[in-house]
Structure formats: structure tokens, C-alpha cells
Amino acid sequence: MSFCRFFGGETYKDHFKPGMYVCSNCNHPLFSSRSKFAHSSPWPAFTETIREDSVTKLMESLTAFKVLCGKCGNGLGHEFVNDGPQEGLSRF
């Protein structure tokens, strides 16, 4: 689930089969395919985590949190507040 590849080749951006997305380091459950949505960013986009403790979030700005695996601390990217597919939803 370490999906920050900055030069293309992102494996899961256009992957929409049903299932769970887990941490690539420790297999901790992070996101469900039910919360995944198409987005113009080069990375996969989700509206919510599986559980509250799926990730740890560290505030970077008023509109962005750094997101880490809730179990092992593996860096996963960011949560962008109010940037989801509907008003009031975030984008992971």
C-alpha cells in the first residue's frame, strides 16, 4: 500500500476490483474498495479508512494530514480534507 510513485506506473490507481487494501509492510487493513473512487491525482483515492485505528494522522496544514499505517507507521501519503467526491468528504 505504499503507493506514492511519482513517475508513473502506479499499480492501484485504476484498480477497482472488490477487496481490501492493506499495508505493504505489515498487512494491517487500511482501506476497502467500497471507499475507493476515481480521481485526477496519479494515486489511488479513498474517502475513508476501514477502522478508526487503520491509520495514524499527523496534521501538516489546515487541509492536509500526513497518513501512516496505524500498526507499523509505514508512510501512506496524505488525507486532503474536503477533497473527496462529495462535499464534506476527505480524500486519502
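**Strand β2, its aromatic partners and the surroundings of Arg91**

Pro29 is located in strand β2 of what is a predicted model. With a relative accessible area of 24%, Pro29 is classed as partly exposed, because that value falls above the 20% limit for burial and below the 50% limit for exposure. Once neighbours within four places in sequence are set aside, the contacts of Pro29 are with Tyr21, Val22, Ile50, Arg51 and Ser54. The C-alpha atoms of Pro29 and Thr49 are separated by 8.6 Å, although these two residues stand 20 residues apart along the chain.

Confidence varies along the protein, for which the average pLDDT is 85, with 85% of the residues scoring at least 70. The highest mean confidence, 96, is found in strand β5 (residues 55-61), and the lowest, 88, in strand β3 (residues 36-37). Over residues 1-6 the pLDDT stays under 50, and for this stretch the model has 24 contacts beyond four places in sequence.

Aromatic side chains provide a further set of interactions, with three aromatic pairs in the structure. One of these is formed by Phe31 and Phe46, whose rings are stacked, with 4.3 Å from centre to centre and 15 degrees between the planes. This pair links distant parts of the chain, given that Phe31 belongs to strand β2 (residues 29-32) and Phe46 to strand β4 (residues 45-46), 15 residues apart. Phe31 counts as buried because its relative accessibility is 1%, and Phe46 likewise counts as buried, at a relative accessibility of 0%. Both residues are members of one aromatic cluster, which is formed by Tyr21, Phe31, Phe46 and Phe92. Tyr21, a member of this cluster, is also among the residues in contact with Pro29.

A ring is also involved in the placement of Lys57, which lies over the face of Phe65 at 5.7 Å from the ring centre.

Arg91 is placed in the segment after β7 (75-80). Its relative accessible area is 10%, and Arg91 is therefore buried, since this value is under the 20% limit. The side chain of Arg91 makes a polar contact with the side chain of Asp83, at 2.6 Å. Not counting residues up to four places away in sequence, Arg91 touches Phe37, His39, Ser41, Ala45, Phe46, His78, Glu79, Phe80, Asp83 and Gly84. Phe46, which is included in that list, is the stacked partner of Phe31, so that the buried Arg91 is in contact with a residue that is itself buried.

Methods: Residues are numbered from 1 along each chain as its sequence is written. This is a predicted model: local features need pLDDT of at least 70, side-chain atom pairs count only at pLDDT 80 or more; totals for chains, interfaces and linings use all residues. Side-chain values use heavy atoms; hydrogens and water are left out. pLDDT is the predictor's confidence in each residue, from 0 to 100. Helices (H or I, at least four residues) and strands (E, at least two) are DSSP runs, numbered from the N terminus. Contact means heavy atoms within 4.5 Å. Rings of Phe, Tyr and Trp (its six-membered ring) pair if their centres lie within 6.5 Å; planes under 30 degrees apart count as stacked, over 60 as edge-to-face and the rest as tilted. Buried means under 20% relative accessible area, exposed over 50%, partly exposed in between (1.4 Å probe, protein chains only). A charge sits over a ring if NZ of Lys or CZ of Arg is within 6 Å of the ring centre and within 35 degrees of the ring normal. A polar contact is a pair of N or O atoms within 3.5 Å; within protein, one must be able to donate a hydrogen and the other to accept it, and residues adjacent in sequence count only if both atoms are side-chain atoms.
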